[in-house]
Protein chains: 2
Amino acid sequence: MKKQASPAKRSTTRPKPAPGYHHGELQEALIAASEAILAEQGAEGFTLREAARRAGVSPAAPSHHFGNAPGLLTEVAIRGYDALADALREAASGKQGPRDKLHAQGLAYVEFALRHPGRFQMMFANKRLVADDARLRQASRAAGHAFEIVVAELVGSTPKQAKTAAAAAWSTVHGFAKLALEDKFGSVKTDGGRREIIMTLDQVLNYLWPVSGARR
Amino acid sequence: MKKQASPAKRSTTRPKPAPGYHHGELQEALIAASEAILAEQGAEGFTLREAARRAGVSPAAPSHHFGNAPGLLTEVAIRGYDALADALREAASGKQGPRDKLHAQGLAYVEFALRHPGRFQMMFANKRLVADDARLRQASRAAGHAFEIVVAELVGSTPKQAKTAAAAAWSTVHGFAKLALEDKFGSVKTDGGRREIIMTLDQVLNYLWPVSGARR
DNA sequence: GTATCTATCTTAACACTGTTTAGATAGGGC
DNA sequence: GCCCTATCTAAACAGTGTTAAGATAGATAC
């Protein structure tokens with residue numbers, strides 16, 4: 001009565017009426033909007049209200065699907081870990097020996113972080129996620145597992161030593177990525193800076209896990 | 001006239017009148033309050049208003065001394081880097097050979113991160129700091145330099161290789177600390193968990209930089 | 001000793017944020 | 001046709017960082 005069925009009428013402030021809500025597309029729209037914000041503004045720039053705005057809904061709408069902001073971000077983080085695991089597996093699949101595989105994985109890990117800084121930082125921001133979410137933990141473990149497989153092949157001895165070596169590899173590439181994102185190895189904003197950073201990483205990996213026989 | 005000189009009167013909501021403002025103690029009080037918040041609540045829990053509250057001043061007071069929240073946090077981060085550099089230097093000074101020194105520094109780095117998680121996380125949160133502040137960059141470089149000195153002694157060859165080795169060492173311990181703080185190596189909340197984590201770190205360091213001759 | 005000047009702090013307001021409550025709306029099942 | 005449930009909106013709340021304007025006190029100058 002008060003509002004006739006004028007579908008274009010409501011797009012006063014909302015960007016996308018996006019026909020087909022009430023059909024289960026809002027989750028995807030919110031996740032996509034969140035990833036876009038992370039890509040544009042970084043992890044600190046994310047805002048639940050902005051995600052709702054981009055999806056064309058009210059600020060309270062997300063709560064019905066994700067509970068709260070950490071709930072939504074957890075979903076984003078899960079997909080991030082899945083994408084990371086894929087990248088690690090694909091990097092290893094392109095090489096033959098375990099050393100080459102590990103080297104490729106290290107490069108892939110840091111390249112992922114530099115390509116998606118906001119998402120990457122959010123994946124490791126436990127306080128902004130539902131840290132004990134079962135699916136999140138599983139996705140994180142799966143990404144770490146991609147490392148362990150290759151490292152186990154490399155070390156080849158006791159599983160305890162494999163665990164240690166995997167922790168070492170993960171720590172090194174993760175620390176490098178984090179430090180690079182904080183500009184500790186030069187500016188990460190320019191193309192040239194990123195190229196320089198990747199070259200430094202290549203040297204670091206060759207130093208710690210030399211591909212050809214001799215070490216140092 | 002309106003207010004008699006009743007010094008206890010104003011402590012209605014303010015915790016510490018702290019005689020001696022207007023004397024330059026507010027900066028220190030705000031820094032101390034910020035460090036206390038970081039220690040209690042972590043980096044995400046920091047709030048400029050809460051810092052002002054603890055220092056017993058209005059929310060606008062900090063702006064006169066630090067400009068804005070990043071300004072205050074930058075001062076906190078600088079002191080954090082100074083403390084970290086001290087810890088690294090002291091760790092090295094207690095040992096003899098370069099391998100032992102590096103090992104001790106690695107332990108000291110992670111122990112610092114686990115002992116002061118909030119401060120540590122804030123030190124590497126460029127977006128919440130005045131990232132291009134000259135004193136901050138200097139303090140950060142000084143902490144990294146503590147690593148480079150030991151690594152140069154260890155590698156002993158070209159300065160380029162020393163740079164690479166220092167980047168490797170820093171990345172490994174930084175990554176380990178970051179992952180540990182996000183519970184990737186078990187819970188960091190319990191004493192037992194932390195002990196376990198340090199043991200894992202010890203193995204990682206021995207794996208990458210073995211103290212006694214043979215490697216792996 | 002009084003007046004002025006400057007650093008320091010407060011009050012009040014603004015535009016944001018995440019979350020909750022209650023109510024409106026629409027689509028599917030009976 | 002009706003009801004029922006999922007979905008979304010509107011409005012409000014407490015809290016945030018920051019700014020503008022005004023008050024206050026300490027030191028300085030005369």
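How many nonpolar, polar and charged residues does the surface near DNA strand C have? By class, this surface has 9 nonpolar, 6 polar and 3 charged residues, where Ala, Val, Leu, Ile, Met, Phe, Trp, Tyr, Cys and Pro are counted as nonpolar, Asp, Glu, Lys and Arg as charged, and the others, Gly among them, as polar. The model is predicted, so that local features need pLDDT of at least 70 and side-chain atom pairs count only at pLDDT 80 or more, while totals for chains, interfaces and linings use all residues. Residues are numbered from 1 along each chain as its sequence is written, chains are lettered from A and ligands numbered from 1 in the order in which they are written, and side-chain values use heavy atoms, with hydrogens and water left out.

DNA strand C is surrounded by 18 residues, the closest being Leu48(A), Arg49(A), Arg53(A), Ser58(B) and His65(B); a residue is near a strand if one of its heavy atoms lies within 4 Å of it. Of the atoms of DNA strand C that come within 4 Å of the protein, 58% belong to sugar and phosphate. Polar contacts are pairs of N or O atoms within 3.5 Å; within protein, one must be able to donate a hydrogen and the other to accept it, and residues adjacent in sequence count only if both atoms are side-chain atoms. A polar backbone atom of Leu48(A) is 2.6 Å from a phosphate oxygen of DNA strand C, and a polar backbone atom of Ser58(B) is also 2.6 Å from a phosphate oxygen of this strand. For His65(B), a polar side-chain atom lies 2.4 Å from a phosphate oxygen of DNA strand C. Two or more residues of the surface near this strand come from each of helix 2 (48-55) of chain A and helix 3 (61-66) of chain B; helices are DSSP runs (H or I, at least four residues) numbered from the N terminus.

DNA strand D is surrounded by 19 residues, and the closest are Ser58(A), His65(A), Leu48(B), Arg49(B) and Arg53(B). Sugar and phosphate make up 56% of the atoms of DNA strand D that come within 4 Å of the protein. A backbone N or O atom of Leu48(B) is 2.6 Å from a phosphate oxygen of DNA strand D, and a side-chain N or O atom of Arg53(B) is 2.7 Å from a phosphate oxygen of the strand. A base nitrogen of DNA strand D lies 3.2 Å from a side-chain N or O atom of His64(A). The surface near DNA strand D comprises 10 nonpolar, 6 polar and 3 charged residues.

Between the protein chains, 38 residues of chain A are in contact (heavy atoms within 4.5 Å) with 38 residues of chain B. The buried area, which is the accessible area (1.4 Å probe) that two parts lose on being put together, summed over both, is about 3,300 Å² for chain A and chain B, with 60% given by carbon and sulfur atoms. Glu182(A), Lys184(A) and Tyr207(A) supply 17% of the area that chain A buries against chain B, more than any other three residues. Across this interface 11 residue pairs are in polar contact, both residues at pLDDT 80 or more. Helix 7 (134-155), helix 8 (159-181) and helix 9 (191-208) of chain A each supply at least two residues of the side that touches chain B. Helix 8 of chain A gives the largest share of that side, 13 residues.
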